[in-house]
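Colleague: Before I rely on any labels for this protein, I would like to go through them one at a time and hear the reasoning behind each.

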Amino acid sequence: MHEKSTSTEAFIEPPLPEKGSEMGYENTLITKVPGWHGIIAWDALLNGMAMGLFLAAAVSELAAPAVFMPVAKVAYPVALVFLLIDLGLLVLDLGDPFRFHHMLRVFKPGSPMSVGTWSLTIFSLPLTAAAGLSLLALLGFDFERARILAVIAGLVPGFCSAAYKGVLLSTNAQPGWKDARWMGGYLTNSALLMGCAELLVLSALMGQTQANSILRIAFIVLLVLNLIPLGLLFANLHPTYARLYTRGQLWRVGILIFTTGMLVPVALALLSKSFLFEFGAVICLLFKGWLVRAVFVKIPHATEVHSAE
């Protein structure tokens, strides 16, 4: 490669520093904004819903099988449906959807993308087995040991699949994203929260009152705990938000997220035993989850516009 050859998309020559100023690329944007929009927010949401539902059902069933086994057997096929939709969106958002399998040619333990791709691939196998064996159990064919083994086999890759997106986005060079060190923690925590909420709705639909009572308490506890990684994530991103939005805009979005994602779900879960109220609480929670992800995905685009101005 010739010494003087350059690429305007991947490299921006920084201005010559004046005397006493900082040198290098520290204050220069040298990355290209990805062509990601709303589909990535839906992908991240469905990923959390699928992984969270599986993990919540698996941990609940393994801890108290007599209480949670009936609802868990329904949860695994539902989680598989969410995962298939999520994988479809993930493949469609690639530049060339037919090249998705190229990610499986190598394994790089130091790459969040490679670890995430392999985790999703490995996780899909025990989840499919658990879902299929659960459906067979509902039809009267008992393969209980094999089903439990499949559930146990899916725990580690399921957890890795829930966490990798946040780690991937927070360890790249994109302005804004690179500061979101708590993104992995937030996505993992919110996946468990959404999974508990989904299991809560399924238990209500199936009339599993004991499971529903336990899950209601767990849902409220996880909802309160979710404020911790969300607050830490906002603290990571506050300098970026302060440059992009006015204080009034930040307050409005913050109040909307806190109200729909915290106050309303807690109130609905505490004040009524009705399934409709539980369903409303979950809808509010999912709206908050999608909104946080959508705002996060938009950061590099907003940063680029702000820099251009």
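Colleague: Which residues touch the most other members of the largest nonpolar core?

Modeller: This is a predicted model, and in it the largest nonpolar core has 51 residues, of which F54, Y76, L199 and F219 touch the most other members. The largest share of this core, eleven residues, is supplied by helix α1, which spans residues 38–63.

Colleague: What is Y76 in contact with, leaving aside its neighbours within four places in sequence?

Modeller: With those neighbours left out, Y76 is in contact with F54, A57, A58, E61, L127, A130, A131, S134, R147 and V151. There is also a second, separate core of eleven residues, which includes L187, L233, I257 and V292.

Colleague: Why is C196 called buried, and why is C160 called partly exposed?

Modeller: Buried means under 20% relative accessible area, and because C196 has 4% relative accessibility, C196 counts as buried. Partly exposed covers the range between that cut-off and 50%, so C160, with a relative accessible area of 29%, is partly exposed.

Colleague: How many disulfides are there by the rule used here?

Modeller: The count comes to zero disulfides, where a pair of cysteine sulfur atoms within 2.5 Å would have been needed for one.

Colleague: What makes T117 a buried residue, and where is T117 found?

Modeller: T117 is found in helix α3, residues 112–138, and because its relative accessibility is 15%, set against the cut-off of under 20%, T117 counts as buried. T117 and C160 are 43 residues apart in sequence, and their C-alpha atoms are 9.9 Å apart in space.

Colleague: How many cavities of 30 Å³ or more are there, and which residues line the largest cavity?

Modeller: The count comes to one cavity of 30 Å³ or more, and about 50 Å³ of space lies in the largest cavity. A space is called a cavity because a 1.4 Å probe fits there but cannot get out. The lining of the largest cavity is made up of L223, N226, L227, L230, I257, F258, G261, M262 and K288. Two elements, α8 (227–244) and α9 (247–271), each give two or more residues to this lining, and the largest share, four residues, comes from α9.

Colleague: What classes of residue make up the lining of the largest cavity?

Modeller: By class, the lining of the largest cavity has six nonpolar residues, two polar residues and one charged residue; Gly is counted among the polar residues and Lys among the charged ones.

Technical notes:
Residues are numbered from 1 along each chain as its sequence is written. This is a predicted model: local features need pLDDT of at least 70, side-chain atom pairs count only at pLDDT 80 or more; totals for chains, interfaces and linings use all residues. Side-chain values use heavy atoms; hydrogens and water are left out. On a 1 Å grid over the protein atoms alone, a cavity is a set of points where a 1.4 Å probe fits but cannot get out, and a pocket is an open set with protein on both sides within 12 Å along at least five of seven lines; lining residues have an atom within 4 Å of a point. Grid points are joined across faces, edges and corners, and a volume is the space filled by probe spheres set on the points. A nonpolar core is a set of buried Ala, Val, Leu, Ile, Met, Phe, Trp, Tyr and Cys residues joined through side-chain atoms within 4.5 Å. Buried means under 20% relative accessible area, exposed over 50%, partly exposed in between (1.4 Å probe, protein chains only). Contact means heavy atoms within 4.5 Å.
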